[in-house]
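User: Please take a close look at one part of this structure with me, and then show me how that part sits in the whole chain. I am in my first year, so please explain the terms along the way.

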Amino acid sequence: MTRALIVIDVQESFRARPLWETISNPKIADQVDRLVRLARRAGDLVVWVLHAEPGSGDVFDPALGHVRLMDELRREDGEPLIHKTSHNAFTTTNLQQLLTERGIRELTVCGIRTEQCVETTTRVASDLGYLVTFVVDATATNPIPHRDAPAGQSVAELLSDPRTLGADEIIRRTEYALAGRFATITTVGQLEDSACPRA
């Protein structure tokens with residue numbers, strides 16, 4: 001085993017936010033489940049990462065009960081579950097130690113949010129010398145308000161503001177920035193095809 005699938009923040013916290021209705025990939029749990037099944041069949045390590053902000057009082061506060069895998073996903077015995085408090089999955093966790101102890105050199109990453117936690121994890125992993133595959137259609141994100149937008153915008157205000165950066169554009173820019181420099185960009189279907197070549 002030299003590969004690991006890192007599943008980042010595919011957690012109920014996001015569904016508990018009003019912004020969930022703007023998510024780019026509402027079926028992300030289904031895409032991630034396909035990747036998890038592929039990894040398990042290949043004998044790869046699956047690492048589950050959840051974002052937590054203890055004491056914050058919001059949906060990322062473990063005390064509220066939302067910091068758990070999305071209900072469609074199942075963690076098997078022996079698959080590590082780690083909690084992070086930073087954007088990337090390395091800085092506030094023992095992820096690097098865990099991967100080193102198991103001889104992991106290649107990572108496949110997926111999760112929420114495309115340009116934030118998944119991208120920063122990809123960049124840090126690349127800097128640490130891992131070969132990284134970024135599964136773009138197994139990520140999801142939300143539109144980003146303009147820096148000058150008023151605080152506390154409603155979803156309707158966010159979507160009607162012409163300065164809002166749309167989710168599709170965020171994903172396109174993230175893919176462009178990572179491709180060939182920090183990661184190989186692929187899709188769930190491409191990985192499935194390479195795992196099961198057609199005759």
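Analyst: Let's begin with a word we will need again and again: a residue is called buried when its relative accessible area is under 20%, exposed when it is over 50%, and partly exposed in between, with a 1.4 Å probe and protein chains only. Keep in mind that this is a predicted model, in which local features need pLDDT of at least 70 and side-chain atom pairs count only at pLDDT 80 or more, while totals for chains, interfaces and linings use all residues. Residues are numbered from 1 along each chain as its sequence is written, and side-chain values use heavy atoms, with hydrogens and water left out.

The part I would like to zoom in on is phenylalanine 60 and its surroundings. Phenylalanine 60 belongs to the loop between strands S2 and S3. For these names, helices (H or I, at least four residues) and strands (E, at least two) are DSSP runs, numbered from the N terminus. Is phenylalanine 60 buried or exposed? Its relative accessibility is 10%, and therefore phenylalanine 60 counts as buried.

What covers a residue like this? A good way to look is through contacts, which means heavy atoms within 4.5 Å. Setting aside residues up to four places away in sequence, phenylalanine 60 touches Gln11, Ser13, Phe14, Arg17, His51, Ala52, Glu53, Pro54 and Val67.

One of those partners, histidine 51, deserves its own visit. Histidine 51 is part of strand S2, which covers residues 45–51. With 7% relative accessibility, histidine 51 is counted as buried. Leaving out residues up to four places away in sequence, histidine 51 touches Asp9, Gln11, Phe60, Val67, Lys84, Thr85 and Ser86. Gln11 and Val67 are thus found among the partners of histidine 51 and among those of phenylalanine 60. The side chain of histidine 51 also makes a polar contact, at 2.9 Å, with the side chain of glutamate 53. A polar contact is a pair of N or O atoms within 3.5 Å; within protein, one must be able to donate a hydrogen and the other to accept it, and residues adjacent in sequence count only if both atoms are side-chain atoms.

Follow histidine 51 to another of its partners and you reach aspartate 9. Aspartate 9 sits in the loop between strand S1 (3–8) and helix H1 (12–15). Its relative accessible area is 1%, so aspartate 9 is buried. Here is a curious detail: aspartate 9 has a positive phi of about 60 degrees although it is not a glycine.

Now go back to the loop after S2. Arginine 75 is in the loop between S2 and strand S3 (81–84). Arginine 75 has a relative accessible area of 43%, which means it is partly exposed. Its side chain reaches the backbone oxygen of glutamate 79 at 2.6 Å. Apart from neighbours within four places in sequence, arginine 75 contacts Arg40, Trp48, Leu69, Pro80 and Leu81. The C-alpha atoms of arginine 75 and valine 46 are 8.6 Å apart, although 29 residues separate the two along the chain.

Some other places help to give a sense of distance. From phenylalanine 60 to glutamate 192, the C-alpha atoms are separated by 32 Å, with these positions 132 residues apart in the numbering. Threonine 186 lies in strand S6 (residues 184–186) and counts as buried at 9% relative accessibility. Glycine 180, in the loop between helix H6 (167–178) and S6, is exposed with a relative accessible area of 75%. Another backbone detail is the peptide bond from isoleucine 112 to arginine 113, which is cis, with omega near -5 degrees.

Finally, let's step back to the whole chain. The protein chain has seven helices and six strands, in the order β-α-α-β-β-α-β-α-β-α-α-β-α from the N terminus. Of its 199 residues, 47% count as buried. Among contacts with a separation of 6 or more, 75% join residues 24 or more positions apart. The contacts of phenylalanine 60 with Gln11 and Phe14 show such long reaches through the sequence. Along its principal axes, the C-alpha trace spans about 50 × 40 × 30 Å.
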